[in-house]
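Dear colleague,

Please find the structure below, handed over for your own work. My notes on what was found in it follow directly after.

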Amino acid sequence: MEEWIIDILISLAKTLAFFGVILLWAAYITLGERRFASFFQNRLGPNRAGIFGLLQPLADGIKFMMKEEIIPKNANRAFYLLGPTLFITIALIPWAAIPFGDTVVIAGREVKLQIVDLNVGILFMIAVSSIGVYGIMIGGWASNNKYSLLGAIRSSAQLISYEITMGIALAAVFLLSGSLSTRDIIIAQMQSPWHWNVFVQPLGFIVFFVSILAETNRVPFDLAEAESELIVGYHTEYGAFKFAMYMLSEYINLITASALITLLYFGGWGIPFVDLGRLGLSVNLAGLISVIVFLVKTGFFVFVFIWIRWTLPRFRYDQLMNLGWKILLPLALVNLFGTAVVALLV
Amino acid sequence: MAFKEILLNMGPQHPSTHGVLRLKVALDNEVVMKVTPVLGYLHRGMEKLFENRTYQQITPLTDRFDYLAAISNNLGYLLAVEKLMGIEVPKRAQYIRVIFTELQRLASHLAWVGFFANDIGAMSVLLYGFIEREDILEIFEEYSGARLTVHAFRVGGVPTDINDKIIDMINTFILKLPKRIADIETLLTGNRIWKHRTIGVGVISPEDAISLGLTGPSLRSTGIKWDIRKDIPYSSYQDFQFEVPTSANGDLYDRYVLRLEEIKQSMRIIRQALDTLPQGETLTKVPRVLKIAPGEVFHSIEAPKGELGFYIKSNGTDKPERVKMKSPSFINMQSLETMCLGNLFADIVAVLGSLDIVLGEIDK
Amino acid sequence: MFIHTFGPVAIQIAFAIGMALFLLIFTNAIGPKKYNPVKFDTYECGVSYFNDARGMFNVKFYLIAVIFILFDIEAVFIIPWSVIFMEFKKLGLGLFILGEMAVFLGVLVLAYIYIIKKGALKWD
């Protein structure tokens with residue numbers, strides 16, 4: 001068999017595995033979110049379907065599928081359908097560049113645990129995920145509902161504002177690693193936990209964290225779907241599985257955000273003070289451990305997002321814009337320039 | 001071409017209009033240009049209903065006005081009836097009434113803190129408030145059998161004396177409450193986002209507040225010290241030591257801090273009332289069929305939401321000729337537009353939440 | 001070479017689109033369908049809807065979008081600069097590349113101050 005066919009088969013297998021994992025994970029975050037929210041609030045949460053409510057996502061999924069498909073009379077049919085379709089597609093694509101583990105050896109071939117190691121990895125992710133705003137805008141506009149439109153407009157303004165801050169905060173990371181490849185950025189942090197970017201540039205991390213919180217539309221920046229004002233914002237008119245598609249994509253975006261934090265600022269699959277390569281483990285075992293470490297770190301940040309959501313109140317629109325433009329943007333620029341100066345001196 | 005403002009309809013089916021209120025809102029780029037409340041979605045014709053009920057039969061109906069503070073409504077109505085009849089309620093009954101209305105004030109304020117925080121986006125606080133409220137409802141259940149629409153008092157006093165178990169429950173509750181209030185304060189009072197959302201928002205001047213008839217904590221937040229419990233004492237409130245907290249700014253944050261302070265003062269009153277509970281009867285003898293000589297009366301009390309007044313006109317039969325209710329939520333609603341104009345869309349929800357309205361009381 | 005880098009990306013995109021379309025069509029196929037004019041009406045909090053949602057919007061939102069484009073182009077310059085920064089440092093040209101960015105950021109900050117002074121980011 002020719003080499004490139006094997007390559008294609010391997011990446012097919014990786015893509016398939018990824019889709020299985022990510023969809024299951026996103027579905028279970030919905031359960032996790034509800035259970036954790038309940039624990040924070042002295043409630044029990046959904047615990048009827050299966051042990052500890054473990055079958056709840058399945059029940060929800062089936063329910064969403066069995067619902068009647070409603071397209072409002074005044075909505076623009078084509079765009080109404082395009083909105084969620086685009087949104088979930090865009091949510092899934094950035095994962096092509098995220099490494100979820102080191103390398104393993106299968107049939108004598110070294111396989112990177114990553115769908116593809118692009119040399120423009122992070123840039124690719126930012127570029128793709130910024131298209132996501134179209135999913136929101138199209139969905140909100142096509143619904144022809146005032147709440148949806150307001151939510152969509154707020155959301156667009158919010159997403160584009162924080163994208164700049166995020167980009168500039170990331171530039172400081174690229175400056176240190178000298179690469180845009182996700183894998184190189186992780187390897188640059190491998191030496192010790194003190195090389196993790198969170199310690200190297202704490203200010204950049206704070207700016208990035210706040211921006212990504214806003215990018216994922218989570219509390220305290222969930223203005224697009226601020227339920228006390230805008231019902232649920234841009235997906236007010238969506239029901240059945242089209243609502244679930246928006247919902248699922250938001251959770252996938254949440255995982256993406258957590259994975260980004262992990263790989264950019266918390267050393268990816270690196271375990272503090274342990275060098276997997278020197279433990280004498282077989283390559284495949286080390287690869288497996290690296291995947292678990294990466295997933296645990298990502299899972300922790302997903303939990304942090306949930307934690308924040310159920311603790312904080314919500315910003316108001318003008319405050320959100322002021323925070324983004326007047327506080328975070330200057331901070332990001334200062335961080336970038338400061339990093340450059342320090343990098344020059346060291 | 002002139003810019004057209006967005007006309008938005010909030011409610012009756014909207015998550016944060018506290019029931020079935022409808023607001024017609026005109027927005028210009030998220031800035032509120034106009035707010036018009038539309039009422040009547042919960043209208044049950046209560047005042048008309050009263051004209052066909054005997055004086056005793058009306059009491060349980062008053063629970064349904066402000067269903068978050070049923071006992072306060074009972075008290076307001078009964079005090080008006082008793083004033084009209086000219087009867088004196090036994091001291092012990094007066095103290096028991098104070099204990100239960102203050103507990104009701106705690107329940108109402110706790111629910112308010114939760115709903116208000118929820119309107120601003122802090123969802124967990126809602127449940128924290130409700131856990132404590134649950135204890136109060138259990139006390140009510142132990143006393144009267146009902147939890148929400150409590151029919152606790154009767155014309156001439158209270159139907160049953162409180163027993164040791166209830167006193168125990170109240171004491172345990174009062175010991176437990178400060179910790180939970182501290183939890184809520186940790187989550188909200190010092191929170192930067194919370195302060196950003198509440199300080200300087202929904203401001204109303206003392207002059208406006210008076211001319212719009214604002215009462216209750218919202219009035220006191222503008223710096224006007226007006227509390228009927230203190231200024232025109234009823235049901236032995238003059239026997240207790242308590243402060244009437246006020247603050248100067250008249251914004252949402254002040255209203256929030258003020259209500260938490262009122263919770264502390266209410267606990268103080270309950271503690272005093274339990275300590276100095278006099279012995280004796282709890283119910284004056286009143287005839288089974290109450291016929292009140294022609295006359296009219298107006299009596300108001302300080303309900304959790306503001307001044308709650310009842311006007312009753314009797315005509316010598318066992319049914320009133322007219323009962324008119326001055327409900328605090330209804331009156332306070334008038335200042336909504338003044339507080340909202342020029343603020344942002346999200347502030348409408350916050351201001352509405354801060355006014356502590358209950359639709360059962362607005363639509364009657 | 002191209003197939004090794006962007007081939008898998010193409011597969012990922014195809015899968016993502018395929019899944020989205022599958023979900024869309026599948027749920028459409030199995031759900032019940034009962035027409036009711038009220039049910040398919042626009043949601044307006046329980047009252048029948050009045051005037052179309054797609055009215056005119058305040059120019060503020062447009063302004064934000066324009067400022068975004070300006071700053072995003074800055075980011076487009078900043079990111080390549082940051083990637084090659086270390087290489088320039090190794091060549092001994094560190095101060096040069098830093099100075100270049102200082103000039104660039106200086107102009108950017110001036111523009112930023114101008115935007116704020118003009119009140120483009122004020123909300124009321």
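Strands β2(B) and β3(B) form a hairpin that leaves two residues between them. In its turn, B:Asn29 has a positive phi of about 55°. Please bear in mind throughout that this is a predicted model. Strand β2 covers residues 22-28 of chain B and strand β3 covers residues 31-38, and the two pair in the antiparallel sense over seven bridges. Two of the bridge partners may help you to find the register: B:Val25 is matched with B:Val35 in β3(B), and B:Lys24 with B:Thr36 in β3(B). As a general point, side chains in a regular strand alternate between the two faces of the sheet.

The hairpin belongs to an open sheet of three strands in chain B, ordered β1-β2-β3, with antiparallel pairing. Its edge strands are β1 and β3 of chain B, each of which pairs on one side only. From one strand to the next, the twist averages 20°.

Chain B holds another open sheet, also of three strands, in the order β4-β5-β6 and with antiparallel pairing. Here the edges are β4 (295-303) and β6 (320-326) of chain B, each pairing on one side only. The twist in this sheet averages 15° from one strand to the next. Within the sheet, β4(B) and strand β5 (residues 306-314) of chain B are joined in the antiparallel sense by nine bridges. One residue to look up is B:Val297, whose bridge partner in β5(B) is B:Ile312. Helix α3 (residues 70-85) of chain B lies across β4 and β5 of chain B and runs at about 150° to β4(B).

Turning to chain B as a whole, its secondary structure comes to 15 helices and six strands. How does the radius of gyration of chain B compare with that of a compact globule of 364 residues? Such a globule would have a value near 21 Å, and chain B has 21 Å, so the two agree. The C-alpha trace of chain B spans about 75 × 45 × 35 Å along its principal axes. Of the 364 residues in the chain, 53% count as buried. Among contacts in chain B with a separation of 6 or more, 70% are between residues 24 or more positions apart.

Chain C is built from three helices and zero strands, and its pattern along the sequence is α-α-α. Buried residues make up 15% of its 124 residues.

Two interfaces follow. In the first, 26 residues of chain B are in contact with 22 residues of chain A. On the side of chain B that touches chain A, the elements giving two or more residues are β1 (6-10), α4 (91-120), α5 (123-144), α7 (192-198) and α14 (345-354) of chain B. Strand β1 of chain B thus appears here as well as at an edge of the sheet β1-β2-β3. By class, this side of chain B has 16 nonpolar, seven polar and three charged residues.

In the second, the contact takes 61 residues from chain A and 57 residues from chain C. On the side of chain A that touches chain C, at least two residues each come from α1 (3-40), α2 (56-66), α3 (77-92), α5 (146-177), α10 (240-265) and α12 (317-345) of chain A. Helix α5(A) supplies the largest share, 13 residues. By class, this side of chain A has 40 nonpolar, twelve polar and nine charged residues.

Lastly, the confidence values. The model scores ipTM 0.83 and pTM 0.87. Chain C averages a pLDDT of 79, and 89% of its residues score at least 70. Which elements of chain C have the lowest and the highest mean pLDDT? The lowest, 80, belongs to helix α1 (residues 2-30) of chain C, and the highest, 85, to helix α3 (residues 94-118) of chain C. Where pLDDT is low, the predicted coordinates should not be read in detail.

With kind regards

Methods. Residues numbered from 1 in each chain as written. Chains lettered and ligands numbered in written order. pLDDT = per-residue confidence, 0-100. Helix = DSSP H or I, 4+ residues; strand = E, 2+ residues; numbered from the N terminus. Contact = placed C-beta atoms within 7 Å. Nonpolar A, V, L, I, M, F, W, Y, C, P; charged D, E, K, R; others polar. Pairing = 2+ DSSP bridges. Axes fitted to C-alpha atoms, helices over the stretch in contact; angles between N-to-C directions. Rg over C-alpha atoms; globule rule 2.2 N^0.38 Å. Buried ≥ 20, exposed ≤ 12 C-beta atoms within 10 Å, placed from the backbone.
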